[in-house]
Amino acid sequence: MELLAKQKSLETRAVIYSKAFPFAIDSAKGATVRDVDGNLFIDWLSGICVLNLGHNNPIIAEAVRSQLDQVWHALEIPSEVRIRFLEKMHSVLPGTLNGHAKTLLTVTGADACETAVSLAKHITGNGTIVAFGGSYHGINQGIVSATSSRHYLETSGAIRYGVFHLPFPYSYRFPFPVEKRADEGKIILRYFEHLLTDDHSGLDKPAGIIVEPIQGEGGYILPPDDFLPGLREIATRFQIPLIIDEVQTGFGRTGKFWGCELTETSPDIMCVSKSVGAGFPLSLIAYREEYDESLPDGFHIGTYRGNPIAMAAGAASIDYIEKENLLRRVNVLGRKAKSEFQRISESSKYVGDVRGVGFMIGNEIVESRETKAPAKDRASQLRRSMFENGLLMHTCGHFGNVLRFMSPLIISESLLEKGLRIYGDAVRVLT
Ligand SMILES: Cc1ncc(COP(=O)(O)O)c(C=O)c1O
């Protein structure tokens, strides 16, 4: 409490996480966090999908320690660690990017998305970006235009650039009547085609399409299987660069290395951040190599891009995921967790929907199954009660009413089960 009070006196009042989780951290290990009073918490936050390999992972720590003896900051000048990281990164790129890509290093997720949009505009000479309702791509002055939240648009004070938001196939709240789920994606794609082919539709020629394979901040929304491939097909036919934002879905979170691999969809430009640095700030875009030909020197720059410590952690992370066969683990434990979330939801009138894949599972909290009215206060009440019982679980979603499972991928089965029991108990006593 003393540290919280000091933070309050020193830092902006506009912080969010220390209000959602009012404690001060002493140390953290694996999928657990210890506070300064000695209480131990199970961590289902992973620093918002940054710590896929857990806190203080010894393999990452060793890579970082040995890099500390080499070089800490080197601009774009090549070093052994930079090349090692880039080679590993290129070796895991999805689909047609693999073996045919260039990379450009950035620092944050928003920075990567911002760069991706600039690249698409540069390549096509067009100005408008197509994004999706519910999307989150960061809140820097440029990219916030593609982020769908009114709150962030208003608080950023940014002058919005041309973005056309299509609806995302959010099944639980799809606005049009459909016979089956698979139709939702098809309707949106048909509408998109109409926008592109009718000169009076109101859509300028797009510079690019930016999409998350599974919406993260928007509420852990997994689109129907044919949606991303359909978008890919339209993007190819109309020669619009497809930007896939893997900032939250990358590095094994979904049970595939990249979220777009769930449907074998290849990006033209891909945004990578969060877990790529295993806790150290690092991000990048990977893009079709032919896009590189016309880029002027200093196309997109920044002093801190490609930090060597973060790249050492990144290279070790890729090794770890491969050597430990982490994707298999995420698939097996993710299925187990989802079926338990589903079982818990059946006995509660307040859990309207359980969705997602791998370690990316959303539980949408509502006032009642019939009305589906979003229950943000109940979701916050649940978060608080889990926190009091030693589990960190955060909310997201259009209405702030989705509790999301995003634990480190290395969580032990027994801690996972313990966390599920705490979640189940909290849901059971929810009034
Ligand atoms: C899909 C996605 N893109 C971009 C971002 C922005 O990343 P950052 O917060 O590092 O700017 C986020 C952050 O949550 C994200 O989830």
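1. A word on classes to begin: Ala, Val, Leu, Ile, Met, Phe, Trp, Tyr, Cys and Pro count as nonpolar, Asp, Glu, Lys and Arg as charged, and the others, Gly among them, as polar. By that scheme the shell around the ligand has 5 nonpolar, 7 polar and 3 charged residues.

2. Keep in mind that this is a predicted model: local features need pLDDT of at least 70, side-chain atom pairs count only at pLDDT 80 or more, and totals for chains, interfaces and linings use all residues. Numbering starts from 1 along each chain as its sequence is written.

3. Back to the ligand: 15 residues surround it, with Gly109, Ala110, Gly138, Val247 and Gln248 coming nearest (near means a C-beta atom, placed from the backbone, within 6 Å). Helix H6 (residues 109-124) gives the largest share of that shell, 3 residues.

4. Overall, you'll find 13 helices and 15 strands in the protein chain (DSSP runs numbered from the N terminus: helices are H or I of at least four residues, strands E of at least two). The C-alpha trace spans about 60 × 55 × 45 Å along its principal axes.

5. Which helix does H4 pass in a right-handed crossing? H4 (residues 58-68) passes H10 (residues 308-323) that way, meaning the near helix is turned clockwise from the far one by less than a right angle. The two pack at about 145°, axes 8 Å apart (axes are lines fitted to C-alpha atoms over the stretch in contact, and angles run from 0 to 180 degrees between N-to-C directions). The residues of this contact divide into 12 nonpolar, 2 polar and no charged.
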